[in-house]
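Welcome! Please take a moment with the sequence and the 3D view below, and then read on for a short guided tour.

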Amino acid sequence: MNGVPLISLMLAIPALGVLGVIAGAGRDGAAARTIALLSSAVTFVISLLLWVGYEPAGARFQFEEQVDWLPDFGISYHVGIDGISLLLILLTTIFVPVALAASGSSVDTRLREFASLVLVLQFAILGALVALDLFVFYIFFELMLVPTFLLVGVWGGERRVAAAMRFFLFTMVGSVAMLVGMIALGTSKGTFDYVGLIDALGKPGGSIGAATAMWLFVAFTLAFAIKVPLVPLHSWLPEAYVQAPVSVTVLMSSVMAKVGTYGFLRFSIGLFPGAAQEAASAVALLATLGIVYGALVAAKQRDLKRLVAYSSISHLGFVMLGLVAGTTEAVQGGVIQMVNHGVSTGALFLMAGMLNERARTWAIAHFGGLARVMPVFAALLVLVTFSSAGLPFTNGFTGEFLILTGAFRAPATHVWAFAVVGAVGVILGAVYLLRMFQQVMQGPVNPAFVAGNGGANGPFSIGDLTGREMLILAPLAVLIIWIGVYPKPFLDRSAPAVRAVTASFAGASR
Amino acid sequence: MTFALPSLDWWAIAPMLVLTLTGCATLVADLLRAEDANREPLAWMTVAGIAISAGVAIASWGEAPRLAFSDMVYSDPFTQFFTVLFVSVTAVTVLFSFEQLGREDFHPAEFYTLIAFSTVGMVLMAAAADLVMVFLGVELLSICLYILTGFSRRRMESEESAIKYLLLGAFASAFLLYGVALVYGSTGSTNLSCVGLAIGASGGLAGACDGAVAAGTASKAVLLAGVGLLIVGLGFKAALVPFHSWAPDVYEGAPTSITAYMSVGAKAAAFAALLRVFLVAFPTISPDWSVVLAIVATLTMVTGNAVALLQKNIKRMLGYSSIAHAGYILVAIVSASHVGATSLLVYAVAYAVMNMGAFAVVMALGQAGNERTLITDYAGLSRRQPLLAALMAAFMLSLAGIPPTFGFVGKFYVFSAAVESGFAWLALIGLLSSVASVYYYLRVVHQMYMVAPVGEAAEHVPGRWLSLVAVVACGAVFLLGLFPGGVVAVANASTMFVK
């Protein structure tokens, strides 16, 4: 494998895919989705090669590539992965084909543009996950905005334009704060290289002072906190998630939000562990607030998609709590929970979308008794709901358990108290998720779903999962059980990277 | 008494000479041609003159920097850099004119002559080594522009904007001239380097400073008053707030090709002059003026972006946005450093590329008798003209400073220089105000991609030169956004005179 620039190859495939879609699909875009699926399949294969080739015991960053770009500023095209980015890369390469396949009936116009924008988004997300240079990271981080804006704004629901605009402007405010911080840091140290900066900051006399570090931490964290989003910076989220077509919502929540949490871990904590330690209580407070607030608001929703959107806020609160707690278990749990959130929330959005395709509504009250109508769907929904609620033997349990046990032992003051509140959040999550399941799946069947006199389609007017839909959900179900029962391969790969972070964190507290 | 004939360094001013001769030649050629003859030869003559002028400037690249014509002009990489930039903008404007001349019943000969002469004015502003030369350049440029602004004789707004521009411009010139007089009164010289020496600057190219006062004896109060008036005069040309009130009306009223020309060329020329004057003549008192300019930059960025939010006409919107961009460029001068000067040049190129591109699309959509410049005229463009819409979207994103475009690189350089010089707060204000700009740029994208087309707009084929300009500019926006190294290296070499 040596000598093959796997990471650049992985970035090149979606870029080539865009050209392929534009050139290969006719004006009606009939072949667009197929070409895009093909491209994302190749990307997935390359990411598997990274998974196989990654040595948990090896160097901190692997598959590194570095080429000078703007030497005046100490900027280079520097990419590489560690265990944390590896997991998120796989999450991305799995979810892009899933989202493309699931876009089936919710997106039926301008397929050529749709498919190419999804690939641009994939390119940007993967780029952000592998960047080891702040400037390169920023470029990919910002590049995510444009395709997302268009995907929501063109293919979204009724209020799509306002939602897309709000999303763009909110995230942009955070980004420019980060840009200023990045420039201040990069110009003072003469490099934008992540590894170089960590070295420069760690050297004796290389410190930038606690006050400056805190300013920079806040500037970086603002960008990521909006992207995640952390309450109270979340107000762009419900509209954007609800207005976007399901496949785009899946990409935004399962994958794009992870770039926010990843950035927080990699850059905010990685570069300024001292400031992160000092601000841990504040971030933990906001994270816990998000857990409880998201759960309470989700419990009130009558709209299925909105419910999942708020549950997403709640679950990302757990991730942030884990990351900021700073103990190895908690950060490890935060990393695993990033993947879990992607899988479970993505699956919930996908399944909600499948219901919507059948019933043309998001209203929870409209459903009921579907377990009898769609038994396979019901079985899968049980699994996904359990996973999202964090029940044992599902992935959600692994993540939340690690986060909460880790947070109890957090060195920063009061973080353990937030863990207690977070534990209450787990119960709240179970409450609204199981109630949703009950309202949708159990009770009397809505007469609207009963076909008159048992027509050609059987006794019900809507059918169970189709083969294509099962194919879409199958990999997610496998992941839910795999991470729930045997998380070792995932934990092993991310452990060295997590320990590198927590070591600097613990070092800063002394 | 012997009288030594001065040896004239014609080569140093050759680009300007070529342009002047080109302007004269088009006038004469027009007299010789038949009444209804094709007007294209005149345009090609101008383009040829421009090409020669650019060629001369490029050929002199790498020569040792020197003063020429009794220390009146510089022939140095900075001059050559801006010469190439200005003539490129002019060339694009001439290509634009193919469309506009046919549409609006222009007199071609005068149009091309005035364009050539005004370019001479711009080059002179960048080359000036003496405040008197700055003034001459400004006047030559301005007088040509007053006429060009009113060139759409049939359109009332065009005439109105020309008168507004003339009246306000005359005021600004008076301020500029009075500023020159006060600086002279304080330091005893109008030569930039001599002024610099008189107030304690050292090094650099200097001519014979016979009349200048000894270093340290200049009256500071008079000097600062002069500097303030120079800011007003040049600030008017660059459309800095609060000297900007003419700009939106003029940009809206002028023929679109001239709007593009003014908003890019004239603005860049004003900044070239500002940079040269402030960093050659007044570097030693930079603490005094950099705060003033920082406030002006803040006002300019915030006002430009805030008011652009409200615009319904795309020319007006681009007018206000160009005010905001002037604010960003001014940040580069505030930095008062070599890096700052380099970033100014980089931003000037970035701005020229993306703005000329955007105007090419605006012109491509216009039709005879209907310029179609309302933002709502762009509704559904992605369905009617997918290529034009994609190009416009690229220019909007670049103007908004979204990576990986050249516009982002420009902003990055400018604000990096500001942070390095201790103006992090200015960088933060600039970038936050640019978030507001994202909204109005995206509104165009929104109209093009998310709104259904209104009515049955007739399929209309944009002129091939407009399409060519737009496609090339779009390529440059992305290519230079990803690989800005070359431009940065050239800009860096061009600003060696700034320490």
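Helices (H or I, at least four residues) and strands (E, at least two) are DSSP runs, numbered from the N terminus. This is a predicted model, in which local features need pLDDT of at least 70, side-chain atom pairs count only at pLDDT 80 or more, and totals for chains, interfaces and linings use all residues. Residues are numbered from 1 along each chain as its sequence is written, while chains are lettered from A and ligands numbered from 1 in the order in which they are written.

Let us begin with backbone details. Most residues other than glycine have a negative phi, and most peptide bonds are trans. The table lists some exceptions.

| Site | Feature | Place |
|---|---|---|
| Arg110(A) | phi near 45° | loop between H3 and H4 of chain A |
| Phe69(B) | phi of about 55° | loop between S1 (66-68) and S2 (73-75) of chain B |
| Val241(B) to Pro242(B) | cis, omega near 5° | Pro242(B): loop between H8 (220-237) and H9 (247-253) of chain B |
| Pro403(B) to Pro404(B) | cis, omega near 0° | Pro404(B): loop between H15 (386-400) and H16 of chain B |

How exposed are the two residues with positive phi? A residue is buried if 20 or more other C-beta atoms, placed from the backbone, lie within 10 Å of its own, exposed if 12 or fewer, and partly exposed in between. Arg110(A) is partly exposed because it has 19 C-beta neighbours inside 10 Å. Phe69(B) counts as partly exposed too, with 17 other C-beta atoms within 10 Å.

Next comes the helix pair joined by the loop of Arg110(A). The axes of H3 (residues 83-102) and H4 (residues 111-130) of chain A come within 10 Å and cross at roughly 175°; axes are lines fitted to C-alpha atoms over the stretch in contact, with angles from 0 to 180 degrees between N-to-C directions. H3(A) is therefore roughly antiparallel to H4(A), a term for angles over 145 degrees. Among the residues making the contact (C-beta atoms, placed from the backbone, within 7 Å) are Leu88(A) and Val96(A) of H3(A), and Val118(A) and Leu129(A) of H4(A).

Finally, where do the chains meet? The contact takes 25 residues from chain A and 24 residues from chain B. On chain B, H16 (406-420), H17 (424-450) and H19 (485-494) each supply at least two residues, and H17(B) gives the largest share, 13 residues.

How values were computed. Contact = placed C-beta atoms within 7 Å. Parallel < 35°, antiparallel > 145°, perpendicular 65-115°, else oblique.
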